[in-house]
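Subject: Structure handover

Hi,

Here is the structure I said I would pass on. My notes on what turned up in it follow below, so have the model open while you read.

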Amino acid sequence: MSAADSQWMARALQLAERGLCTTSPNPRVGCVLVKKGTVIGEGWHKQAGEAHAEVNALHAAGTAASGATAYVTLEPCSHHGRTPPCADALIAAGISRAVVAVQDPNPLVAGKGIAQLRAAGITVECGLMEEAARELNSGFFSRMTRGTPWVRSKIAASLDGRTALANGSSQWITGEAARLDVQQWRARSCAVLTGIGTVLADDPRLNVRALSSERQPLRVVLDSQLRISPTARILQAGNVLIYTACSDAAKYKALQACGAEVAALHDGNGQVDLLAVMRDLSRRGINELLVESGRLLNGALIKTGLIDELVLYLAPQLLGDAARGMANLGELTQLDQRVELIWKDARHVGHDLRIIAGVKHV
């Protein structure tokens, strides 16, 4: 493939990013149609139920699409869902070549769209900028291949890794720019998860504020004994799911009266089953899950291998050994018990440093 192919695929990825906060549970997809070195149509998928990227690009191109090359960030679908198959639309438009970044992990597609295009005589090349395309849809790939969302934990801490003073005081360790950046992560996430400890200590809302957003993420609370108050701020705007190990019918009724859904997923030891939570969220179409919690839940999720990525905001300050840490991992007695990370990105956000790190899974 040529440098021009890379240029047009990069543009398709830029288009796909326009659906960053709106497409779930569908993937983010962009498409560029090029003919004789000129773009004749562009499109991206905005939200589930609406036209896919390829159809939008074909609509923009009209009859000029015949003989064009389509650059698509994800394999065109080959099945009837809420919309007709995109592979059929590309074939009907008469494109001569398709460059696809990555094969669709959805079992309903999984190579069938590419095979359909080739059967129609269209030249198909796959794999250009595959890593970037996967990264853009890490949640969709995770849900389709693992049956769990892509889970990132947001942690705001001092430079010595402390998230709160010993007495629980934590507002605010990081600056306003960092807090605004967190809003972007909430907006792109399908759901935001926290534990009852954070709800009782901070009474958060965990919604998207301070920026325009077409949707609010599902707010998820892990509360094994249903200690949450019906007056908690997180319940006030609805769209809340509470996982519990409690069977108190009166508590269920009070929370349901507030508009919350309550689901029992116990692990047999009086706690919420964390893996069962992730699988249930996946079944609900949650691609990306943002965790905003304290050290206990962070530690439990890390120890069970359920955190994929950390978004760390480090403030230029020191809080000392007595302050609370990022994650309660218990005492490690050997270095091979440590949690290893992969640096992915580091940049200043206001006066703070934002580090994105992947978690190595054994």
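I'll start with the second largest pocket, where H5 gives the most to the lining, with five residues. Bear in mind throughout that this is a predicted model.

The second largest pocket holds about 610 Å³ of space. Its lining is made of 20 residues, and those nearest the centre are Glu-135, Leu-136, Trp-185, Arg-188 and Ile-356. Besides helix H5 (130-136), at least two lining residues each come from helix H1 (3-17), helix H7 (176-188), strand E15 (341-349) and strand E16 (352-359). What is the lining like chemically? It splits into twelve charged residues, seven nonpolar and one polar.

Then there is the enclosed space. The count comes to one cavity of 30 Å³ or more, and the largest cavity has a volume of about 60 Å³. Its lining draws on several stretches of the chain: Thr-23, Ser-24, Asn-26, Pro-27 and Arg-28 are among the residues there, as are Asn-137, Gly-139, Phe-140, Cys-190, Asn-287 and Glu-288. By type, that lining has six polar, three nonpolar and two charged residues.

Ser-24 is worth a second look, since it is joined to Pro-25 by a cis peptide bond, with omega about 5°. Pro-25 sits in the loop between H1 and strand E1 (30-35).

Two backbone angles also caught my eye. Ala-110 is not a glycine, yet its phi is positive, about 35°. You'll find Ala-110 in the loop between strand E4 (97-100) and helix H4 (112-119), and its relative accessible area of 36% makes it partly exposed. The other one is Asp-203, again a residue other than glycine, with a positive phi near 50°. Asp-203 is in the loop between H8 and E9, and at 28% relative accessibility it counts as partly exposed.

Leu-211 is in the loop between helix H8 (196-202) and strand E9 (218-222) too. How exposed is Leu-211? It comes out as partly exposed, at 22% relative accessibility; buried would need a value under 20%. Apart from residues up to four places away in sequence, Leu-211 touches Leu-180, Gln-183, Gln-184 and Ala-187. For Ala-187, which is 24 residues away along the chain, the C-alpha separation from Leu-211 is 8.8 Å.

Now to strand E6 (150-158), starting with Ala-157, which is found in that strand. Is Ala-157 buried or exposed? It is buried, with 0% relative accessibility. Leaving out residues up to four places away in sequence, its contacts are Arg-162, Thr-163, Ile-173, Thr-174, Tyr-313, Leu-314, Ala-315 and Met-326. As a distance to check on your screen, the C-alpha atoms of Ala-157 and Val-100 are 41 Å apart, with their positions 57 residues apart along the chain.

Ser-153 also lies in strand E6, and its relative accessible area of 0% makes it buried. Beyond its neighbours within four places in sequence, Ser-153 is in contact with Val-291, Asn-298, Ile-307, Glu-309, Leu-310 and Val-311. Its C-alpha atom is 29 Å from that of Ala-12, 141 residues away along the chain.

Met-326 links up with both of these stories. It touches Ala-157, and its contact list includes Asn-298, a residue that Ser-153 contacts as well. Where is Met-326? It is in the loop between strand E14 (324-325) and E15. At a relative accessible area of 24%, Met-326 is partly exposed. Not counting neighbours within four places in sequence, its other contacts include Ile-155, Gly-161, Thr-163, Gly-294, Arg-295, Leu-312 and Leu-314. Its C-alpha atom is separated by 34 Å from that of Pro-105, which is 221 residues away along the chain.

Last, the rings. How many aromatic pairs does a search of the whole structure find? Zero. There is a charge over a ring, though: Arg-18 lies over the face of Trp-44, at 4.6 Å from the ring centre.

Shout if anything looks odd when you go through it.

Cheers

Methods:
Residues are numbered from 1 along each chain as its sequence is written. This is a predicted model: local features need pLDDT of at least 70, side-chain atom pairs count only at pLDDT 80 or more; totals for chains, interfaces and linings use all residues. Side-chain values use heavy atoms; hydrogens and water are left out. Helices (H or I, at least four residues) and strands (E, at least two) are DSSP runs, numbered from the N terminus. Buried means under 20% relative accessible area, exposed over 50%, partly exposed in between (1.4 Å probe, protein chains only). Contact means heavy atoms within 4.5 Å. Rings of Phe, Tyr and Trp (its six-membered ring) pair if their centres lie within 6.5 Å; planes under 30 degrees apart count as stacked, over 60 as edge-to-face and the rest as tilted. A charge sits over a ring if NZ of Lys or CZ of Arg is within 6 Å of the ring centre and within 35 degrees of the ring normal. On a 1 Å grid over the protein atoms alone, a cavity is a set of points where a 1.4 Å probe fits but cannot get out, and a pocket is an open set with protein on both sides within 12 Å along at least five of seven lines; lining residues have an atom within 4 Å of a point. Grid points are joined across faces, edges and corners, and a volume is the space filled by probe spheres set on the points. Ala, Val, Leu, Ile, Met, Phe, Trp, Tyr, Cys and Pro count as nonpolar, Asp, Glu, Lys and Arg as charged, and the others, Gly among them, as polar.
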